[in-house]
Amino acid sequence: MTVVTDVAAAVCLLLGAFFSFSAGVGVVRFDNLLSRMHVVAKPQVLGMLLLLAGVALRLLDWTSATMLLLVAVFQLLTTPVGTHMVGRAGLRTGNVAPVLLQAKGDQPVDPLKPKPEPNADR
């Protein structure tokens, strides 16, 4: 049984390291805030979860696995909030081009301008 768990732990650790490394490369390679936010949030969290799973499989201890599970839950809860706050701060400070917020065919909008109330004419 230890050979199977050691191989599974090694696979999780290598995949987690790969995803974390790719997130770091993406931060350096991408040019705008929104792309960098995406590459930090998605593969970094997956890499962290795989690393934690690999460590839990390697240790085979319920106390350590419980602590690693708490770390994973905290990571899953805080990463979307942090990414949202960074994006919001970038938008408010003008570091995000408004054209990046539009889908094809949308009318140009100013993201800092307040939206009109839908029932204001009644």
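Begin with the whole protein chain in view: of its 122 residues, 20% count as buried, and it should be kept in mind throughout that this is a predicted model. If you colour the chain by secondary structure, three helices and zero strands appear, and reading along the sequence gives the pattern α-α-α. Switching to a surface display shows what the protein chain exposes, about 9200 Å², of which carbon and sulfur atoms supply 69%. Among the contacts in the protein chain with a separation of 6 or more, 61% are accounted for by residues 24 or more positions apart.

**Helix H1**

Next, select residues 2–29, which make up helix H1. This helix has 28 residues and reaches 40 Å from its first C-alpha to its last, close to the 40 Å expected at 1.5 Å a residue. Within this selection, highlight Thr5, Ala9, Cys12, Gly16, Ser20, Ala23 and Gly26, the buried residues of H1. If you then show residues 33–59, you will see helix H2, which is included in what covers those buried residues of H1.

For a contrasting view, select Val3, Val7, Val11 and Leu15, which make a nonpolar surface patch of about 340 Å²; Val7, one of these residues, is found in helix H1.

**Ser20 and what it touches**

Stay on helix H1 and centre the view on Ser20, which is found there. Is Ser20 buried or exposed? At 18% relative accessibility, Ser20 counts as buried, because the cut-off for that class is under 20% relative accessible area. Leaving aside its neighbours within four places in sequence, Ser20 is in contact with Pro43, Gln44, Gly47, Met48 and Leu51, so these five names, shown as sticks around Ser20, make a useful next selection.

**Gly54 on helix H2**

Now move to Gly54, which is found in helix H2 and is buried, with a relative accessible area of 0%. Which residues is Gly54 in contact with, leaving aside its neighbours within four places in sequence? They are Ala9, Cys12 and Leu13, and two of these, Ala9 and Cys12, also belong to the buried residues of H1. A distance drawn from C-alpha to C-alpha between Gly54 and Ala9 should read 4.1 Å, although the two are 45 residues apart in sequence.

**The salt bridge**

The structure holds one salt bridge, and to find it you should select Arg58 and Asp6, whose closest N and O atoms are 3.0 Å apart. Arg58 lies in helix H2 and Asp6 in helix H1, so the pair ties together parts that are 52 residues apart in sequence. Side chains of opposite charge can pair when their charged atoms come close. With the surface turned on, compare the two partners: Arg58 counts as exposed at 52% relative accessibility, whereas Asp6 counts as partly exposed at 34%.

**The annotated regions**

Finally, colour residues 6–28, 40–60 and 66–86, which the UniProt annotation "transmembrane region", from an unreviewed entry, covers. Over residues 40–60 the chain of the model is 95% helix and 0% strand, with end C-alpha atoms 30 Å apart. Over residues 66–86 the chain is 100% helix and 0% strand, and here too the end C-alpha atoms are 30 Å apart.

Definitions and conventions. Residues are numbered from 1 along each chain as its sequence is written. This is a predicted model: local features need pLDDT of at least 70, side-chain atom pairs count only at pLDDT 80 or more; totals for chains, interfaces and linings use all residues. Side-chain values use heavy atoms; hydrogens and water are left out. Helices (H or I, at least four residues) and strands (E, at least two) are DSSP runs, numbered from the N terminus. Buried means under 20% relative accessible area, exposed over 50%, partly exposed in between (1.4 Å probe, protein chains only). Contact means heavy atoms within 4.5 Å. Accessible areas come from the Shrake-Rupley method with a 1.4 Å probe; for residues, only the protein chains shown count as cover. The expected span of a helix is 1.5 Å times one less than its number of residues. Patches are made of residues with over 30% relative accessible area and no salt bridge: like charges are joined within 9 Å, nonpolar side chains (Val, Leu, Ile, Met, Phe, Trp, Tyr) within 5 Å. A salt bridge is a side-chain nitrogen of Lys or Arg within 4 Å of a carboxyl oxygen of Asp or Glu. UniProt positions are given in the numbering used here, feature names are shortened, and annotations may be inferred rather than shown by experiment.
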